[in-house]
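Reader: I should like to understand the terms used for this structure. Please set each term against its definition as we proceed.

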Amino acid sequence: MPDHSSFSPTGSHGIRHWQEGTVSEPGLDQRGNVFFAAIEMTRMPMILTDPNLPDNPIVFANRAFQDLTGYEEEEIAGRNCRFLQGANTDRETVRELREAVVARTAIQTEILNYKRDGTPFWNALYMGPVFDQDGKLLYFFASQLDITKRRGSEAAFRQAQKMEAIGQLTAGLAHDFNNLLQVVAGNLELLESHVEGEKPVRLLDTASRAVERGARLTKQLLAFARKTRLEPKPTNLNSLIIEFGDMLSSTVGGSVDIQFNLKPRTPPCLVDPVHLEMALLNVVINARDAMPKGGTVTIKTAPLRLNGDAGSHHLPPGDYVALAITDEGEGMPPHVVERAMEPFFTTKETGKGTGLGLAMVHGFVQQSLGKLEIDSELGRGTTVRMLFPAGASPDAATAAPKPAPVPSTVARPQPVEPRGSVAQTILVVEDSEDVLVLAREYLTALGYAVLTAGNADEALQVLSAENTRIDLLFTDLIMPGGMNGLALAERVRAMHPDLPVLFTTGYNEDLVTDGQRAAGMDLIGKPYRRTELADRVNAALNRPKIRRAPHLGIGHKEG
């Protein structure tokens, strides 16, 4: 069926104006009238073909058609339109066009054609029959429109939607998976003191290592989903790359050379330098793997100003810093490039890649308000380009504040000294019953008194009870219902301005956007070990008291 979504110059589907035409004076010899002048001057490419001649050749092409295709008039006349087709032209669309010619009906469609120099372009094609007054078919008229930019924008939009949907799904799965890992890891840790014998201990260690690998996997997934806690700072990419150069060289091995092409006076950008190093390392490793026989990886930096071409990069106009990594490998076909940033997509052999490297880089760059671009062609290698906003604008990235400094982990962490002989009381708010039980077990073993609540409403009831003294609120960040951890903290701070809050989450989303709001707040990610929890609780309880206004200004945010 014809593609009725094709671009229409009139803003609507054709009803009468392009279905068919009728002429009273057939022939193309009289070209001196005003209508031929208009056809030659219009910017709309147009042709006429003669279906009464063998192979339905082109008998007229205006100058706009020549400009569109790059062919001269003598190269066009007498040829069938198929000379514009190429390797990726859809055969089904070609069949529909041929059937329209046989049926003497009009058709509108979009087809991938190729210019004289081999450049592909998307062609919005309108074709209809031209009859004489007796109903004899004389010509087929066709107008064309280059819609390559529109198709590219649509494809980019669909890809962005797909990646966003995958990111949302990935983040949700990682959150739930971290809750499960917390329960498994915690119970394995509790079992350690009850297990004896070489074989049981070895099995326990194997299970614990598997949990650690699972935790690393969820961190990678959250990085792709743009849910990693970043700590951006003004960073000179040239200096970072030079300092990181030895690590890159040792990683790629002796068969791969690394060349640096670092543009002097490249402006700084606001990024998390640690995450940027990991992103660079991931891309360089991919470049190395693309050249099994060795080759050269070129790392290039340069300032970039986007004005009129900002839309093609799907970025707002402004100054950017480009970091490009180019290899001399075999390159990738278009269908692989299209999926290269998806999590778990890999062309490597089983066991040689997780498919999360570029996905993590994509998430980091986007979270830094930049853009990750991939240019690749079979036989010509690949360039991975990261674009970051230049300058140290406070809006250039969203970062959670650094958690409060914590003391070094010790073998047997002790709780903060209780007041007199009364243990300090911690209110634990967690919607997962298994995680709640584990947290209570941990904290009780550390010497704290523990109260529990399954949601924010239950926590407020506990806090409102008479003669209840709470020294620390330990709450999950993401909870079902009308109030999540942030909203709960806001309500609690209105009641008890000096009460410290410790958040936990399996979904490392930034809590707040400025240090003032973050004062007094700490975070521990799931899965956590008892020693880590002890450190975070100590840090939260020892944080200097900060008087606060009743309203924090933290908006309600659904988990």
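Reader: What makes β2 and β6 a pair of strands?

Author: In this predicted model, strand β2 (residues 46–49) and β6 are joined by 4 bridges and run antiparallel. Pairing requires at least two bridges, so the 4 bridges between β2 and β6 qualify them as a pair. Within this pairing, M46 stands opposite S143 of β6.

Reader: How many bridges join β5 to β6, and what follows from the definition of pairing?

Author: Strand β5 (residues 120–132) is joined to β6 by 6 bridges, and the two run antiparallel. Since at least two bridges suffice, β5 and β6 therefore also count as paired. P129 has F140 as its bridge partner in β6. The hairpin of β5 and β6 has 4 residues between the strands, and G135 there takes a positive phi near 85 degrees.

Reader: Why is β6 described as mostly covered?

Author: Strand β6 (residues 137–143) has 7 residues, of which 6 are buried. A residue is buried when its relative accessible area is under 20%.

Reader: Why is N484 called buried?

Author: N484 has a relative accessibility of 3%, and the limit is under 20%, so N484 is buried. N484 lies in the loop between β16 (472–476) and α14 (485–495).

Reader: What makes the approach of the N484 side chain to L486 a polar contact?

Author: A polar atom of the N484 side chain lies 3.2 Å from the backbone nitrogen of L486. The cut-off is 3.5 Å, so this pair is within the distance allowed for a polar contact.

Reader: Is I242 buried or exposed, and why?

Author: I242 has a relative accessible area of 59%, and exposed means over 50%, so I242 is exposed. I242 belongs to helix α7 (residues 237–252). I242 and F260 are 18 residues apart in sequence, and their C-alpha atoms are 8.6 Å apart in space.

Reader: How do you know what span to expect for helix α8?

Author: The expected span is 1.5 Å times one less than the number of residues, so the 17 residues of α8 (273–289) give 24 Å. From first C-alpha to last, α8 reaches 24 Å, close to that expectation. At the start of α8, a side-chain oxygen of D272 comes within 3.0 Å of the backbone nitrogen of V274. The buried residues of α8 include P273, L276 and A287.

Reader: Why is C81 called partly exposed, and why is C269 called buried?

Author: C81 has 28% relative accessibility, which falls between 20% and 50%, so C81 is partly exposed. C269 is at 0%, under the 20% limit, and is therefore buried. The structure holds 0 disulfides.

Note on methods: Residues numbered from 1 in each chain as written. Predicted model: local features only at pLDDT ≥ 70, side-chain atom pairs only at ≥ 80, totals over all residues. Heavy atoms only, no water. Buried < 20%, exposed > 50% of the residue type's maximum accessible area, 1.4 Å probe, protein only. Polar contact = N/O pair within 3.5 Å; in protein donor to acceptor, adjacent residues only side chain to side chain. Disulfide = S-S within 2.5 Å.
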